[in-house]
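These are my notebook entries on one protein chain. I set out to look up its charge pairs, its polar contacts and a few loop residues.

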Amino acid sequence: MKLKVIITALVLSISYGINAQEITETKFGKGILNVVAKDSSWSMKFAARMQFLSTTGWDINDDDFSSPETNFLVRRARLKFGGFAYSPKLQYKIELGLSNRDLSGGSEFTSNTPRYILDAVIKWNFYKNFTLWAGQTKLPGNVERVISSANMQLVDRSRLNSRFNIDRDLGVQLRHHFNLSNKFLVREIVAVSQGEGRNITTGNLGGHQYTGRLELLPFGTFKSKGEYKGADLKREQTPKLMLAATYDFNANAVKNRSNQGDYMITNTGFYETNITTLFVDAVLKYKGFSFMGEFADRDAGDAIAVEEDGTPTGAIVQVGNALNLQAGYLFKNNWEVAGRYTNLNYDAVVGKALEEQYTLGISKYVAGHNLKVQSDISYTTENGNGSGLMYRLQFDIHL
């Protein structure tokens, strides 16, 4: 109820400003509201973004290929708040998700309520190059997941990400960076989190989750943090490269995809096992060309969930590995062609066939990632046999 009141108040305030024809100096894509206190003791930027998605899918093994499944939806609808409080060294970020896809996933472990909150985090630069994050936000996992859904090169992330990512969690992160030379930058991140994903209200059910990530940028920083944005919209004039690795250990995890997926419930409580996830990734950009490569591997102490007497419950940790390779070229007229190859190779205990997906996409960036139209077509195989064809068209607008 309180959230609805806040959102209603924001909408009314914006409507009042429009009706009064007030002039703002904020440019398109830089937020609806961007203010700084007169005494510089705080600031706030408020922005909104939406993605509208159309999907058409065919089962190529179905004789009636003329009857595809179609779906139209508001893929994402989000409100973002950010700025600093008291000092520019103390920043904050709040992001709320309002689409059905953002809100779904509520359960008894989230008090059966919609999951409005995506991010609620403070970032304190307490000493030189050290910054402490505290709250709910993305863990330092695979690069594709850390890239905002507002800045993707294709319509959506790969199947490597949807099956192996470690997403958001509640905890603390310590971030640091230093230079090995004038250009060579090294960034380190360590995180300790609850280990069960976002918006959990029941407290910790298993152990805790520990994550470490190391990033190497031998040719210096990308323009406008381009290592975490799809496409080379800044057209880097010299090659820029990021090589990175993440190791994640979730002690006594109770979900079948580390801090994601389904709870492994038994007759007496929860099945617990240690789950490790490894990511290795790379990003390269140069004069409109971009490349991103990712490898993910998940393992578990005991992947098959059992009751106290050893009887299998039917739940299985989704152990295995995946590879994702993605590249694109941005033409001078801001049209881009991109391609992606992804495979999922689960361990035999999971009982799933090797899955491969090939995607070809075309995007038109009207105002960078803030206003764009994207489409792609994907062909999926299982054990080398064709299984599905999917076409997607998406419109993005970020105010």
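**Entry 1: salt bridges**

I began with R168, which forms a salt bridge with D119; their closest N and O atoms are 3.1 Å apart. This pair links distant parts of the chain, since R168 is in strand β7 (residues 168-179) and D119 is in strand β5 (residues 117-127), 49 residues apart. I note that the model is a predicted one.

I then asked whether R168 is buried or exposed. R168 counts as buried because its relative accessibility is 3%, under the 20% cut-off. D119 is buried as well, with a relative accessible area of 1%.

I next looked up E355, which forms a salt bridge with R159, and I read 2.1 Å between the closest N and O atoms. E355 lies in strand β19 (residues 355-365) and R159 in helix α4 (residues 159-164), so this pair ties together parts that are 196 residues apart in sequence. For E355 I found 13% relative accessibility, and E355 therefore counts as buried. R159 has 24% relative accessibility, so R159 counts as partly exposed.

The third pair I looked up was E215 with R187, a salt bridge in which the closest N and O atoms are 2.7 Å apart. E215 belongs to strand β9 (residues 209-217) and R187 to strand β8 (residues 185-193), so the pair ties together parts that are 28 residues apart in sequence. E215 counts as buried at 2% relative accessibility, and R187 is buried with a relative accessible area of 19%.

I then looked for salt bridges that share partners. Such bridges join R49, R78, K93, E95, D102, D119 and R168 into one network. The pair with which I began, R168 and D119, belongs to this network. For the structure as a whole I recorded 17 salt bridges. As a general remark, side chains of opposite charge can pair when their charged atoms come close.

**Entry 2: a patch of positive charge**

Which residues gather in a patch of positive charge on the surface? I listed K27, K30, K45, K223, K225, K229 and K234. From this patch I followed up K45, whose place is in strand β2 (residues 43-58). K45 counts as partly exposed because its relative accessibility is 34%, which is neither under 20% nor over 50%.

**Entry 3: the polar contacts of Q394**

I located Q394 in strand β21 (residues 385-398). With a relative accessibility of 2%, Q394 counts as buried. I then asked which side chain makes a polar contact with the side chain of Q394. I found the side chain of D396, at 3.4 Å. In addition, a polar atom of the Q394 side chain lies 3.2 Å from the backbone oxygen of V155.

**Entry 4: positive phi angles**

Most residues other than glycine have a negative phi. I therefore noted S224, which is not a glycine and yet has a positive phi of about 50 degrees. S224 is found in the loop between β9 and β10. At 40% relative accessibility, S224 counts as partly exposed.

I made a similar note on N383, which has a positive phi of about 55 degrees although N383 is not a glycine. N383 lies in the loop between β20 (371-382) and β21. I asked whether N383 is buried or exposed. N383 counts as exposed because its relative accessibility is 56%, and the cut-off for that class is over 50%.

**Entry 5: two further loop residues**

I placed Y228 in the loop between β9 and β10 (240-253). Y228 counts as buried, at 17% relative accessibility. How many residues apart along the chain are Y228 and R145? They are 83 residues apart, and I read 9.4 Å between their C-alpha atoms.

H369 is found in the loop between β19 and β20. H369 is buried, with a relative accessible area of 7%. I also recorded the distance from H369 to S387, two residues that are 18 apart along the chain: their C-alpha atoms are separated by 32 Å.

Methods
Residues are numbered from 1 along each chain as its sequence is written. This is a predicted model: local features need pLDDT of at least 70, side-chain atom pairs count only at pLDDT 80 or more; totals for chains, interfaces and linings use all residues. Side-chain values use heavy atoms; hydrogens and water are left out. Patches are made of residues with over 30% relative accessible area and no salt bridge: like charges are joined within 9 Å, nonpolar side chains (Val, Leu, Ile, Met, Phe, Trp, Tyr) within 5 Å. Accessible areas come from the Shrake-Rupley method with a 1.4 Å probe; for residues, only the protein chains shown count as cover. A salt bridge is a side-chain nitrogen of Lys or Arg within 4 Å of a carboxyl oxygen of Asp or Glu. Lys and Arg count as positive and Asp and Glu as negative; His and the chain ends are not counted. The place of a charge is taken as NZ of Lys, CZ of Arg, CG of Asp or CD of Glu. Helices (H or I, at least four residues) and strands (E, at least two) are DSSP runs, numbered from the N terminus. Buried means under 20% relative accessible area, exposed over 50%, partly exposed in between (1.4 Å probe, protein chains only). A polar contact is a pair of N or O atoms within 3.5 Å; within protein, one must be able to donate a hydrogen and the other to accept it, and residues adjacent in sequence count only if both atoms are side-chain atoms.
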